[in-house]
Amino acid sequence: QEDERLDVADGSGGGPGDEEDEECEQDVDIVFAMDVSTSMGGYLSKLADEIVAVDTAIEALGVPGERSYGLVVFVDDTMILNAGAPYEDVLQLQADFREWSSFTQSNEQVGGGNWNGTWPENSLDALYEAAGSYIWRPGDTTLRVVIHATDDTFRTPPQAQHDYLGTVAMLQSKTIRVASFAAHKGGSIGLTDVE
């Protein structure tokens, strides 16, 4: 497998750069699971600015159906947006990214009213919610992806409802791929190893 990965990376064997792989034969569902704690404002703002370009790049792959997007936000609690239904278009998703980018300045929980004074955030429940509550299209015809972004370590039970193994099992049962973008350093002053 190591050699195969190297071949794909340099474009010399069976990778995305091959001409026969230029069109995607599956629909694409993407759910963003985003940490909306105070330190994430700049990341959410940047993604809001570039989400239309992301959508255009996916469209260029020649997917057979419309692209489908969802959003889960989390601090210590979690919330799935749009009642778990796909956004009607990328501009609605962009508007929610902008709203949640502004929300990061509040230093509150997503449910409102409670100050966020801790640094482990609730990635596990957010990933579980994305897998279990989003209205995914059929797995045999759809590439299902969760894009997870945080700059902190994650809560575990009893502070979270789901543990690591249960969350992984839920993602696997729904045939969901996860792309996780996490900081190496985080915590109260950005120096704690959260890798």
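Q: In which helix do Glu50 and Lys46 both lie, and how many residues apart are they?
A: In this predicted model, the side chains of Glu50 and Lys46 meet in a salt bridge, with N to O at 2.9 Å. An α-helix has 3.6 residues a turn, so residues three or four places apart point the same way. Glu50 and Lys46 fit that spacing, about one turn of the helix, since both lie in helix H2, four residues apart.

Q: Are Glu50 and Lys46 buried, partly exposed or exposed?
A: The class between buried and exposed runs from 20% to 50% relative accessible area. Glu50 has a relative accessibility of 38%, and Lys46 has a relative accessible area of 48%. Because both values fall in that range, Glu50 and Lys46 are each partly exposed.

Q: Which residue forms a salt bridge with Asp49, and which helix holds that residue?
A: Side chains of opposite charge can pair when their charged atoms come close. For Asp49 the closest N and O atoms of the salt bridge are 3.4 Å apart, and the partner is Arg98. This pair links distant parts of the chain, 49 residues apart, with Asp49 in helix H2 and Arg98 in helix H3. Arg98 is partly exposed at 41% relative accessibility, and the residue and helix asked for are Arg98 in H3.

Q: Are helix H2 and helix H3 roughly parallel or roughly antiparallel?
A: Helix H2, residues 41-59, packs with helix H3, residues 90-103, their axes lying 8 Å apart and making an angle of about 170 degrees. Angles over 145 degrees count as roughly antiparallel. Therefore the arrangement of H2 relative to H3 is roughly antiparallel.

Q: How many nonpolar residues does the contact of H2 with H3 have?
A: From H2 the contact includes Leu44, Leu47, Ala48, Ile51 and Val52, and these meet residues of H3 that include Val90, Leu91, Leu93, Phe97 and Trp100. Asp49 and Arg98 are also among the residues of this contact, and they are the pair joined by a salt bridge. By class, the contact has four polar residues, three charged residues and, as the number asked for, 10 nonpolar residues.

Q: Which residue forms a salt bridge with Asp76, and is that residue buried or exposed?
A: The closest N and O atoms of this salt bridge are 3.1 Å apart, and the partner of Asp76 is Arg155. The two residues lie 79 residues apart, Asp76 in the loop between strands S2 and S3, and Arg155 in the loop between strand S4 and helix H5. Asp76 counts as buried at 15% relative accessibility, and the partner, Arg155, also with a relative accessible area of 15%, is buried.

Q: How many salt bridges does a search of the whole structure find?
A: Among the salt bridges are that of Glu50 with Lys46, that of Arg98 with Asp49 and that of Arg155 with Asp76. The search of the whole structure finds a total of six.

Q: Which residues of helix H4 are buried?
A: Helix H4 spans residues 123-133, and what covers its buried residues includes strands S1, S2, S3, S4 and S5 together with helix H5. For the protein chain as a whole, buried residues make up 41% of the 195 residues. In H4 the buried residues are Ser123, Leu124, Asp125, Ala126, Leu127, Ala130 and Ala131.

Q: What is the peptide bond from Pro157 to Pro158?
A: Pro158 has its place in the loop between S4 and H5, and Arg155 is found in that loop as well. The bond from Pro157 to Pro158 has an omega near 10 degrees and is cis.

Q: Where is Ala83 found, and is Ala83 buried or exposed?
A: Ala83 is not a glycine, although it has a positive phi of about 55 degrees. Ala83 is found in the loop between S3 and H3. At 71% relative accessibility, Ala83 counts as exposed.

Q: Over which residues does pLDDT stay under 50?
A: The mean pLDDT of the protein chain is 83, and 81% of its residues reach 70 or more. The stretch with pLDDT under 50 has 11 contacts beyond four places in sequence in the model, and it covers residues 1-19.

Key:
Residues numbered from 1 in each chain as written. Predicted model: local features only at pLDDT ≥ 70, side-chain atom pairs only at ≥ 80, totals over all residues. Heavy atoms only, no water. Axes fitted to C-alpha atoms, helices over the stretch in contact; angles between N-to-C directions. Parallel < 35°, antiparallel > 145°, perpendicular 65-115°, else oblique. Contact = heavy atoms within 4.5 Å. Nonpolar A, V, L, I, M, F, W, Y, C, P; charged D, E, K, R; others polar. pLDDT = per-residue confidence, 0-100. Salt bridge = Lys/Arg side-chain N within 4 Å of Asp/Glu carboxyl O. Buried < 20%, exposed > 50% of the residue type's maximum accessible area, 1.4 Å probe, protein only.
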